[in-house]
Amino acid sequence: MTPKEKLYYLIENYRLGNYDSKSFSEQFVPIFSEGVEDYTDKKEKKAMQEVCKLAERYSPYEEDLALSPF
């Protein structure tokens with residue numbers, strides 16, 4: 001499975017409730033970083049970069065989320 005395929009699998013299973021936000025975030029960032037060169041479509045790459053930014057900032061603490069500019 002390519003990194004890109006892993007991300008789509010991860011996203012789909014997160015959407016289905018098979019991953020919590022913490023697990024999703026912990027897995028998304030390294031997989032995306034490993035396979036960023038797999039994205040030739042600029043819109044797709046930009047969307048995945050935005051998800052990666054959010055995943056990098058994940059925190060289980062409400063106080064941290066209140067400080068986030070997103």
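## Surface and overall form

The accessible surface of the chain amounts to about 5200 Å², and carbon and sulfur atoms account for 54% of it. The structure is a predicted model. Its C-alpha trace spans about 35 × 25 × 15 Å along the principal axes. Of the 70 residues in the chain, 24% count as buried.

Charged side chains number 10 positive and 14 negative, and the centres of these two sets lie 7 Å apart.

## Secondary structure and contacts

The chain contains four helices and zero strands. Read from the N terminus, its elements follow the order α-α-α-α.

Contacts in the chain between residues at least 6 apart in sequence include a 46% share that joins residues at least 24 apart.

## The nonpolar core

In soluble globular proteins, nonpolar side chains tend to be buried together. In this chain, the largest nonpolar core comprises 11 residues: Leu 7, Leu 10, Phe 24, Phe 28, Val 29, Ile 31, Phe 32, Tyr 39, Met 48, Cys 52 and Ala 55. At least two residues of this core come from each of helix 1 (3-15), helix 2 and helix 3 (42-56). Helix 2 provides the largest share, with five residues.

Phe 32, one of the core residues, illustrates the surroundings of a single side chain in this set. Leaving aside residues up to four places away in sequence, Phe 32 touches Leu 7, Tyr 39, Lys 45, Met 48, Gln 49 and Cys 52. Among these partners, Leu 7, Tyr 39, Met 48 and Cys 52 also belong to the largest nonpolar core.

## Aromatic pairs

A pair of aromatic rings is described by the distance of the centres and the angle of the planes. The structure holds four aromatic pairs. In one of them, the ring centres of Phe 24 and Phe 28 are 5.4 Å apart and the planes meet at 35°, so this pair is classed as tilted; the tilted class covers angles that are neither under 30 degrees nor over 60.

Phe 24 and Phe 28 are separated by about one helical turn, because they stand four residues apart in helix 2 (residues 21-35). Both Phe 24 and Phe 28 are buried, and both are listed in the largest nonpolar core.

Ring pairs also join residues into a cluster made up of Tyr 14, Phe 24, Phe 28, Phe 32 and Tyr 39. Of these, Phe 24, Phe 28, Phe 32 and Tyr 39 appear in the largest nonpolar core as well.

Note on methods: Residues numbered from 1 in each chain as written. Predicted model: local features only at pLDDT ≥ 70, side-chain atom pairs only at ≥ 80, totals over all residues. Heavy atoms only, no water. Phe/Tyr/Trp six-rings, centres within 6.5 Å; stacked < 30°, edge-to-face > 60°. Buried < 20%, exposed > 50% of the residue type's maximum accessible area, 1.4 Å probe, protein only. Contact = heavy atoms within 4.5 Å. Areas by Shrake-Rupley, 256 points an atom, 1.4 Å probe, with all protein chains shown as cover. Lys, Arg positive; Asp, Glu negative; His and termini not counted. Charge placed at Lys NZ, Arg CZ, Asp CG, Glu CD. Core = buried A, V, L, I, M, F, W, Y, C linked by side-chain atoms within 4.5 Å.
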